[in-house]
Amino acid sequence: AATGALAAKAVSDRSERRAIEERLAEVKRHAPQSSPISLDPLLALRQMIAAVEWCLAKEERNAGGVSSMAWSCVQAEMGQKRLAEEKAIQKEYRRHMAKLRHMSAPTPKANQKKSKPIRNSKKGVEGSGTAVISGISVPGSNESYERLFNPQWGTVRSKQGICAALAYLVTQFLELKRSSKGVLQDGSRLSLRLAVSSLARHHAFDEPEMPKNEEVTLPLLQPEDEDENHVFRGNDSVEFRSAALALLCLLDAALSWRPADPLGWMGQAEDAEGAVLAREKGMCSFSFFAGKLRKALKKASAGCQIAWQRFEVHLDAVRARTLPEPWPWIWVLNEEASMLVRNRTKVPLRVELHRPKSQVGPVSPLVDVP
């Protein structure tokens, strides 16, 4: 028994390391993307919240689990009903995924034709028209130009960039919950939670300057009598942060549920943050846990200030969480960014790299060579 447990632990650790490496590469690839400028950021956030709420509702309806599957095998009518429900779920899943993919700029393919480059007569720099990098329109630039001359390339810098990053996280969450896995294959959940915790450190989630005793009255869920493309009128920055904060905390709380068995039927929140938001710290199924999270979301959407305070406390706990490198800065800093030094004077300029004097031992001249 002990040998089998050690072998299972080794397989689980290897799977987690592989999943974290793959997730890190995906985050680096998605960081420079942005949602279309024509898309309202707050409307996009509400659509993402609706997708997460639908996923939690789907998980809550699956509370029957094994018993419902057994009855569907015995009774033909229940089997047909279950098949019809699966088709409706797949249709709704594809609809949400299509919306989420539209919120993120597509990655150009290798064989995609590039537009004819244009030359800037003043600076002599070639570009390909007007590019959109993290929601910022840059005339006469392309990806190669941004990689070389923009030290912030590959990071999230605007509301469109935040929307694209959150759309990626929600897409991965829906795919993760489409095929639940047990404790032996929990690397995807763990790595996705690292990406969520890392994005929470972005400056867009810093607490804004608001008057004291001001209540948050942002409807996160779309009312039935409201148009789907309704445009909000109000403090855009505060409302955008509130909606993004609620979505991020909801994702982190849902991902905090850790399965305790190989089939993923039972589990519990692995830390206090998810347990506080869901108000459930004991062993339970994810269906029950998802129902608790839906109640918290509905309370916040209805204007419950206690629910919004729980979101704020959850965000503070997530931002204070210790993360392994390079996760603390993967969304906001680019480790491959170039350092550009321009000398606009007629005086010769010499640039030296600073090295602390406390470093002991001889230093090789090749230590700073990239």
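Arginine 23 is buried, at 8% relative accessible area; buried means under 20%, exposed over 50%, and partly exposed in between, with a 1.4 Å probe and protein chains only. Before I go on, this is a predicted model, in which local features need pLDDT of at least 70 and side-chain atom pairs count only at pLDDT 80 or more, while totals for chains, interfaces and linings use all residues. Residues are numbered from 1 along each chain as its sequence is written, and side-chain values use heavy atoms, with hydrogens and water left out.

Back to arginine 23. Its side chain meets that of glutamate 26 in a salt bridge, 3.6 Å from N to O. By salt bridge I mean a side-chain nitrogen of Lys or Arg within 4 Å of a carboxyl oxygen of Asp or Glu. The two residues are three apart in helix α1, so about one helical turn separates them. Helices (H or I, at least four residues) and strands (E, at least two) are DSSP runs, numbered from the N terminus. Glutamate 26 is partly exposed, at 22% relative accessibility.

The structure holds 17 salt bridges. Two that I want to show involve aspartate 186, which is buried at 3% relative accessibility. One goes to arginine 189, with the closest N and O atoms 2.8 Å apart; arginine 189 is itself buried, at 4%. The other goes to arginine 258, at 3.3 Å between the closest N and O atoms. That pair links distant parts of the chain: arginine 258 sits in strand β5 and aspartate 186 in the loop between α6 (159-178) and α7, 72 residues apart. Arginine 258 is partly exposed, with a relative accessible area of 28%. Through shared partners, salt bridges join Glu16, Asp186, Arg189, Arg193, Asp252, Arg258, Glu270, Asp271 and Arg321 into one network.

Next, helix α11, residues 305-319. Its 15 residues should span 21 Å at 1.5 Å a residue, and the end C-alpha atoms are 21 Å apart, which agrees. The expected span here is 1.5 Å times one less than the number of residues. Which residues of α11 are buried? They are Ala307, Trp308, Phe311, His314, Leu315 and Val318. Seen down the axis, they fall within an arc of 115 degrees, so they line one face of the helix; the arc is that of the directions from the helix axis to the C-beta atoms. The face turned away from the buried side carries the exposed residues Gln309, Val313 and Asp316. Cover for the buried residues includes α7 (187-199), α8 (236-255), α9 and α10, where contact means heavy atoms within 4.5 Å.

Two serines to finish. Serine 285 lies in the loop between α9 (272-278) and α10 (286-301). Is serine 285 buried or exposed? At 22% relative accessibility, serine 285 counts as partly exposed. Leaving aside neighbours within four places in sequence, serine 285 is in contact with Trp257, Trp265 and Met266. Its C-alpha atom is 8.5 Å from that of proline 259, 26 residues away along the chain. Tryptophan 265 is in the loop between β5 (257-259) and β6 (267-269).

Serine 35 is placed in the loop between α1 (2-30) and α2 (41-61). Serine 35 is buried, with a relative accessible area of 4%. Not counting residues up to four places away in sequence, serine 35 touches Met103, Gln160, Cys163 and Ala164.
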